[in-house]
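Q: Please take a close look at one part of this structure and explain how that part packs against its surroundings. Please then continue to the neighbouring and remaining packing in one connected account.

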Amino acid sequence: MTDVWGDRRPSRRQVAVDVVGAALFGLFMFAIHIGQGTVPGVAALVLAVGLAVRRVSWQLTSVIALGAAVLQVVGPDIAYLANVAYAAFFFTLGSHRDARVRRFGLAAAGLAVAGAAAYGATRGAGEFSRSGGWATAVGLGSMCALVVGGGWLAGLLRWQSRQTVQARIDAQIEAVERRRISDLYDVEQERRRIAADMHDVVAHSWAVVAAQSDGARYALRDNPAGAEQALSVIGETARTAIADLRTIVAQLRDPALQPSTPGYEQQAELVGRMRASGMDLELVERGERDDSPLLALTAHRLLGESLTNALKHGDLDQPVRAEIDWTDGYRLTVTNHVSGVDLPDRDRSGRAVPSGHGLVGMAERTTVAGGTFSAGREGDLWVVRAHVPAYEAIPGATGDTATDGTTTEGTA
């Protein structure tokens with residue numbers, strides 16, 4: 001909580017104002033009450049000292065106020081006019097930020113009223129009739145209640161008013177802080193998304209380019225047609241990567257821009273590039289695709305990164321199998337034989353430790369879409385599994401969905 005009022009400790013200016021005001025009050029009241037006698041005059045000066053230190057120490061002020069009251073009670077007369085200083089004393093107690101001090105002030109006010117009533121009854125009974133004593137008790141008690149009780153209540157109302165303002169300002173500051181944290185979170189999420197997109201585009205493209213360039217180099221003399229096809233794939237892959245990077249850069253320059261993102265339409269191109277790179281890929285897709293743009297992008301990126309990892313780290317002499325199941329949301333399973341080298345770190349259960357950008361990116365994409373992700377070695381196989389629940393259940397989802405070059409199976 002912020003300290004809006006900044007009055008935990010009085011400033012020098014406030015203390016100076018209190019001292020000057022107390023000095024003027026003491027001189028004025030002393031001049032009035034000294035005619036009644038020495039005790040009322042001295043009591044007026046003591047009360048002035050209490051006013052001077054009321055912001056500095058409420059404990060000292062309370063002691064001074066009690067001393068002035070005792071001095072008047074044991075003396076021959078009361079400094080009635082100077083006793084208005086008690087209103088300021090109890091105002092200080094009632095407006096204190098510590099609840100214990102406020103409760104002390106309320107208790108002290110009750111004792112002061114009772115003491116004033118008892119003093120009035122005793123002095124009134126001695127000077128007048130018994131009924132006059134009770135009348136004096138009621139009069140002094142009421143006057144004391146008005147001074148000390150009114151001062152304490154005014155202080156309490158001031159404290160409550162300040163608390164209301166404090167709470168309102170704290171709420172505004174908290175709302176601003178929440179917005180700031182939310183903006184930082186959005187920026188961080190956007191940064192992660194862009195990093196994942198950049199990694200997916202560059203890693204996939206250059207993995208294909210590397211594989212095709214090696215193939216073209218080996219086939220250049222004995223198989224010119226194969227080398228020409230490899231160069232064609234390199235060119236198409238490079239153009240696709242450039243287009244994707246332009247899309248990302250356009251969104252960086254204009255956050256309000258909603259550029260087109262890769263999705264289901266690019267799946268056939270992705271599969272074609274992988275097969276052209278020498279991968280024996282078997283793609284099986286079941287069910288009806290979800291029309292969510294987020295899920296379409298997630299599915300494309302997960303499939304692309306999984307196949308890229310298989311191309312880079314897998315044994316391409318063995319087939320790679322990718323299964324896509326839409327009957328229970330989106331479920332992707334990619335299985336490939338491992339070459340035994342350059343594999344991501346794994347824990348004791350064989351699950352991949354998300355240390356590389358690819359695995360981290362796939363895990364983050366799946367989590368953002370509300371799903372689960374795992375990848376790890378299972379014997380001689382590297383298995384990637386991702387599942388994103390359906391946003392809305394599709395009742396009776398049957399039929400097969402196939403893209404160019406895919407194998408279709410019946411409904412799961």
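A: Helix H2 (38-52) turns its buried residues towards helix H1 (12-33), helix H3 (58-74) and helix H4, against which they pack. Here contact means heavy atoms within 4.5 Å; buried means under 20% relative accessible area, exposed over 50%, and partly exposed in between (1.4 Å probe, protein chains only). Helices (H or I, at least four residues) and strands (E, at least two) are DSSP runs numbered from the N terminus. The model is predicted: local features need pLDDT of at least 70, side-chain atom pairs count only at pLDDT 80 or more, and totals for chains, interfaces and linings use all residues. Residues are numbered from 1 along each chain as its sequence is written, and side-chain values use heavy atoms, with hydrogens and water left out.

The buried residues of H2 are Pro40, Gly41, Ala43, Ala44, Leu47, Ala48, Gly50, Leu51 and Ala52. From first C-alpha to last, the 15 residues of H2 reach 21 Å, close to the 21 Å expected at 1.5 Å a residue, the expected span being 1.5 Å times one less than the number of residues.

H4, one of the partners of H2, is mostly covered, with seven of its 10 residues buried: Ala85, Tyr86, Phe89, Phe90, Thr92, Leu93 and Gly94. Between H4 (85-94) and helix H5 (99-127) is the loop that holds Asp98. Asp98 counts as partly exposed because its relative accessibility is 22%. Its side chain makes a polar contact with the side chain of Arg100 at 3.0 Å; such a contact is a pair of N or O atoms within 3.5 Å, where, within protein, one must be able to donate a hydrogen and the other to accept it, and residues adjacent in sequence count only if both atoms are side-chain atoms.

Elsewhere, helix H9 (293-313) is mostly covered, with 18 of its 21 residues buried. The axes of helix H8 (267-276) and H9 come within 11 Å and cross at roughly 0°. Axes are lines fitted to C-alpha atoms, for helices over the stretch in contact, with angles running from 0 to 180 degrees between N-to-C directions. H8 and H9 are therefore roughly parallel to each other, a label for angles under 35 degrees (over 145 is roughly antiparallel, 65 to 115 roughly perpendicular and the rest oblique). The contact involves Gln267, Leu270 and Met274 of H8, and residues of H9 including His300, Leu303 and Leu307.
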